[in-house]
Amino acid sequence: MTLSRMRRPAGMVANLLFTACAVAAEGLPFAARAADLLQTFNDALSCDLVYASARSQYQATQEKYPQGLSQLLPTIICTGSTRKTSLGFLNNSGVTRDFSTTGWQVTLTQPLFAWDCWESYKQGELLAAAGEVALVQACYDLITRTAQAYFDVLTAQDNLDLARSKLNSINRQFEQAKRNFEAGTSTITDTNEAQSRLDLGKAAEIAAASDLDTKRDVLQQIIGKAPDTLRGLRVKAAIPGPEPLAPDDWIKQAEQFNPTVTSAQINLDYLHCDRNKAIAGHLPSVALTGARGYTNQTGTTTSVSPSQLYTTNIGVQVTIPLFAGGYTQSRVRETIALEDKGRTDLESARRGAAQAARAAFLGLSSRLAQVKALKAAERSAALSLESNKLGYEVGVRINIDVLNAQDQLYTTRAQLAKVRYDTIVAGLRLKAAANVLKDEDVGLVNSLLADGSNPSTSAK
């Protein structure tokens with residue numbers, strides 16, 4: 001698999017992201033989709049306020065295109081008037097004569113040559129495109145935020161389950177230490193140490209329960225309702241790595257097509273059009289004009305006879321700017337400086353996108369290696385615990401050795417669960433940085449989940 005080198009239409013990407021996922025979820029049974037990542041993401045699409053704001057902003061920016069196009073199209077104005085005139089004669093006091101005038105006129109103006117209008121049209125196109133890119137970026141952000149919040153809840157749930165399992169194990173060890181002390185085969189030190197660990201375990205359980213409530217609240221802010229019991233990762237789910245494996249491919253893709261880079265490029269193009277508009281202040285403009293009018297008069301100041309008059313005229317209007325107090329020259333200098341700034345911002349965006357893609361790739365690769373190492377560490381910790389339990393029973397190990405081995409095993413399991421979740425989110429962030437994140441990626445992550453409420457660590 002290789003990354004696409006073609007720029008995908010931003011509107012098409014956004015449409016795929018905020019519609020296809022919803023369609024994909026419709027075929028799932030209600031009980032199953034109520035607690036998986038796909039359904040959670042669809043809830044976020046409907047209820048997340050940040051995304052709703054971005055969607056409204058997108059709809060507003062799409063109006064910039066017809067607004068820009070209007071600069072090239074004709075304008076038609078219709079005016080109407082009515083006027084009454086009363087005349088009084090000085091040489092004949094008290095004698096007056098009244099007459100009225102009514103009429104209308106329709107005027108059409110069509111630009112023939114107006115460079116500033118053409119540049120305004122291109123700016124409208126660019127602003128509409130920028131709105132599409134912003135919506136894509138908002139959708140990427142929604143996917144990663146939702147996934148992060150989803151797996152944060154699972155992490156907190158795993159930690160709570162592990163804390164309870166650890167507390168049960170410590171309690172059994174405490175009971176065994178008491179029996180051994182009463183039988184005279186161990187000292188009070190073992191009992192006291194187990195009691196200390198038991199108290200610490202209870203405190204850890206309370207902290208884990210509080211953290212779970214906090215993480216659920218964060219997810220609730222995104223999906224607009226209290227989250228259901230979430231489906232966890234399958235214990236043996238294989239987390240996919242980056243494809244392609246070469247980091248340079250991801251970096252080059254991000255440098256060209258990262259939404260931040262695309263936005264910076266659009267901004268530079270917009271500033272270039274703005275410079276051309278400023279230069280157009282030195283150029284003449286040509287417009288075709290036409291008018292059709294009608295006037296009805298019941299009399300005039302010199303005649304009492306009524307009259308009706310239709311007028312039609314057509315022509316070409318040329319406007320030549322001569323002097324504007326130095327404003328045009330100043331405006332040109334200003335836009336040139338802003339265009340230079342836009343080039344700098346574009347290069348900065350490319351460097352930032354490359355750095356983000358490199359960091360995301362290294363983070364994903366590092367986490368994949370950690371998953372492998374922690375799986376081996378978990379197996380070793382489980383064997384160590386069994387060995388220490390056996391040693392304690394035969395008298396070659398003390399109770400503290402067993403408690404330490406238990407602590408190591410549960411700590412390793414918690415680390416393994418969190419790294420697995422972080423690896424999945426890192427993969428989504430890498431694809432977002434390279435502008436290749438799609439709705440299918442959400443479905444792919446969803447396929448890694450267990451069939452029911454079965455977080456990966458609690459299943460052990």
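1. Before we look at the helices, here is what the label means: a helix in this note is a DSSP run (H or I) of at least four residues, numbered from the N terminus. Keep in mind too that this is a predicted model.

2. Start with helix H10, residues 327-394. H10 has 68 residues, and from its first C-alpha to its last it reaches 96 Å. At 1.5 Å a residue you'd expect 100 Å, so the value is close to that, given that the expected span is 1.5 Å times one less than the number of residues. Right behind H10 comes Gly-395, and its phi is positive, near 95°.

3. Now try the same check on helix H11, which covers residues 399-433. Its 35 residues should span 51 Å at 1.5 Å a residue, and the end C-alpha atoms sit 51 Å apart, so the two figures agree. Just after H11 there's another positive phi to look up: Asn-435 has one of about 60°.

4. Next, the surface. Which residues make the nonpolar surface patch of about 830 Å²? They are Leu-112, Phe-113, Val-316, Val-318, Ile-320, Leu-322 and Phe-323. Two elements give two or more residues each to this patch: strand S2 (96-113) and strand S4 (307-319). Have a look at Leu-112, which lies in strand S2. Its relative accessible area is 53%, so Leu-112 counts as exposed.

5. On to the aromatic rings. The count comes to 6 aromatic pairs. One to find on screen is Tyr-150 with Phe-151: the ring centres are 5.4 Å apart and the planes meet at 80°, which makes the pair edge-to-face because planes over 60 degrees apart are classed that way. Are these two residues buried or exposed? Tyr-150 is buried, with a relative accessible area of 0%, and Phe-151 is buried as well, at 1%.

6. While you're on aromatics, pick out Tyr-65, Trp-118 and Tyr-121 too. Together they form one aromatic cluster.

7. Last, the cysteines. A disulfide is a covalent bond between the sulfur atoms of two cysteines. How many disulfides does a search of the whole structure find? The search turns up 0. Two cysteines are still worth clicking on. Cys-117 has 14% relative accessibility, so it counts as buried, the cut-off being under 20%. Cys-139 counts as buried too, at 0% relative accessibility.

Notes: Residues numbered from 1 in each chain as written. Predicted model: local features only at pLDDT ≥ 70, side-chain atom pairs only at ≥ 80, totals over all residues. Heavy atoms only, no water. Patch = residues over 30% accessible without salt bridge, like charges linked within 9 Å, V, L, I, M, F, W, Y side chains within 5 Å. Areas by Shrake-Rupley, 256 points an atom, 1.4 Å probe, with all protein chains shown as cover. Salt bridge = Lys/Arg side-chain N within 4 Å of Asp/Glu carboxyl O. Buried < 20%, exposed > 50% of the residue type's maximum accessible area, 1.4 Å probe, protein only. Phe/Tyr/Trp six-rings, centres within 6.5 Å; stacked < 30°, edge-to-face > 60°. Disulfide = S-S within 2.5 Å.
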